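Subject: Structure handover and notes

Dear colleague,

I am passing on to you the structure that we spoke about, together with my notes on it. Please have the sequence and the coordinates open while you read.

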Amino acid sequence: MGTDPRLLREQCERTLQRTDLPALGTKIEGKVRDNYVAGDCRTIIVTDRVSCFDRVVGALPFKGQVLNQVAAFWFEKTAAIAENHLVAVPDPNVSVVRECRPLPIEFVVRGYLTGSTSTSIWTAYAKGERTYCGHRLPEGLRRHERLPHPLLTPTTKAEHGAHDELTSRAEILARGVVPEALYDECERLAMTLFAEGSRHAEQRGLILVDTKYELAQDAQGRLVVIDEIHTPDSSRYWYRDAYLRAMSEGRDPEALDKEFVRRWLGERGYKGEGPIPEIPVDVRCEAARRYIEAYEQITGRDFEPDTEDPLPRIRRHLGLE
């Protein structure tokens with residue numbers, strides 16, 4: 001279990017930060033994923049870039065491999081609940097998927113009163129707000145406490161480099177972003193997926209704290225889960241036993257996700273604006289260790305890192321050589 005610390009340090013020099021593969025189709029660059037679209041096929045290359053506060057802040061060794069393989073694990077596990085776009089995983093960093101029409105909303109489900117960003121539910125609650133994304137919150141809740149029931153708190157999808165914005169069901173319907181029936185179908189699906197994710201996490205000694213789902217429609221108008229699902233980037237996980245201890249001692253639970261990097265940046269005054277502090281190798285390696293730990297804890301499998309130079313390997317696996 002785990003990865004040799006020396007290997008993590010060495011891999012810091014071989015992170016996958018960008019790609020340029022025009023033979024795959026039209027490139028659409030996201031914060032973490034480079035997408036190539038050709039007809040009804042999309043090739044997603046999951047880089048090692050790490051984003052916090054809606055900004056790319058650096059790169060972590062093996063992060064792309066972890067995210068791509070955790071997503072593949074969950075797509076397979078939830079296939080009976082929801083259709084997804086995955087077709088094949090030809091490389092540790094690559095997924096080939098069906099091209100679908102994304103909905104202009106991110107469906108965020110929150111099970112706990114937590115978070116550190118300016119838009120988090122805890123930040124709003126700590127400021128005295130008792131309505132969040134259209135949901136009424138009770139008085140007397142503590143930070144990191146479990147909510148009375150999971151809440152769907154949608155956000156708008158920002159253009160690359162911009163910030164996503166909180167919204168609500170009422171605002172989405174008032175603006176005509178999607179029809180009411182479609183929104184409600186998305187809500188039911190998101191809540192079902194969150195329940196399944198929470199059930200599996202509990203079996204693995206984890207808590208699925210919150211997550212986001214990206215949904216789309218295929219050519220027949222059916223809902224399809226796209227992008228990623230229940231990964232350490234799209235989701236917050238805590239160890240269940242450590243969470244209970246932390247709450248009894250008044251501490252923050254230790255997260256198995258990029259919250260470690262987000263907090264490191266926040267402690268240095270970075271909240272998404274201004275120059276990005278350079279993340280030292282030791283911090284990058286610790287963050288990578290946590291991603292790998294998350295993979296192993298979630299899937300129950302040992303992580304098998306591929307240390308080959310990623311770009312030539314990807315080209316070979318995609319038949320581009």
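The notes below go through the strands, the nonpolar cores and then the helices.

Please keep in mind throughout that this is a predicted model.

I begin with strand E3, which covers residues 41-46. Of its 6 residues 5 are buried, so strand E3 is largely enclosed by the rest of the structure. Strand E3 has a partner in strand E2 (residues 33-38), with which it pairs in the antiparallel sense over 6 bridges, and in that pairing Val 37 stands opposite Arg 42. The hairpin that E2 and E3 form has 2 residues between the strands, and Gly 39 in this hairpin takes a positive phi near 65°. Strand E3 also pairs with strand E7 (residues 94-98), again in the antiparallel sense and over 5 bridges, with Thr 43 standing opposite Val 96 of E7.

As for the interior, the largest nonpolar core has 60 residues, and those with the most contacts inside it are Phe 107, Tyr 213, Leu 215 and Leu 265. Helix H8, which spans residues 281-299, supplies the largest share of this core, namely 9 residues. Leu 215 may be worth inspecting in your viewer: if its neighbours within four places in sequence are left aside, its contacts are Pro 102, Leu 103, Phe 107, Cys 186, Leu 189, Leu 223, Val 224, Val 225 and Ile 226. Another core, of 11 residues, lies apart from the largest one, and its members include Ala 124, Tyr 132, Leu 147 and Leu 151.

Turning to the helices, H7 (residues 259-267) has Glu 259, Val 261, Arg 262, Trp 264 and Leu 265 buried. Among the elements that cover these buried residues are strands E4 (49-52), E5 (55-59) and E15 (235-239), as well as helix H8. After H7 comes Gly 269, with a positive phi near 85°.

Helix H8 is also packed against helix H2 (residues 63-77): the axes of H2 and H8 come within 9 Å and cross at roughly 20°. Angles under 35 degrees count as roughly parallel, and therefore H2 is described as roughly parallel to H8. The crossing of these two helices is left-handed. On the H2 side the contact is made by Lys 63, Val 66, Leu 67, Gln 69, Val 70, Phe 73 and Trp 74, while H8 contributes Tyr 291, Ile 292, Tyr 295, Ile 298 and Thr 299.

With best regards

Note on methods. Residues numbered from 1 in each chain as written. Predicted model: local features only at pLDDT ≥ 70, side-chain atom pairs only at ≥ 80, totals over all residues. Heavy atoms only, no water. Buried < 20%, exposed > 50% of the residue type's maximum accessible area, 1.4 Å probe, protein only. Helix = DSSP H or I, 4+ residues; strand = E, 2+ residues; numbered from the N terminus. Pairing = 2+ DSSP bridges. Core = buried A, V, L, I, M, F, W, Y, C linked by side-chain atoms within 4.5 Å. Contact = heavy atoms within 4.5 Å. Axes fitted to C-alpha atoms, helices over the stretch in contact; angles between N-to-C directions. Parallel < 35°, antiparallel > 145°, perpendicular 65-115°, else oblique. Left-handed = near helix turned anticlockwise from the far one by under 90°.
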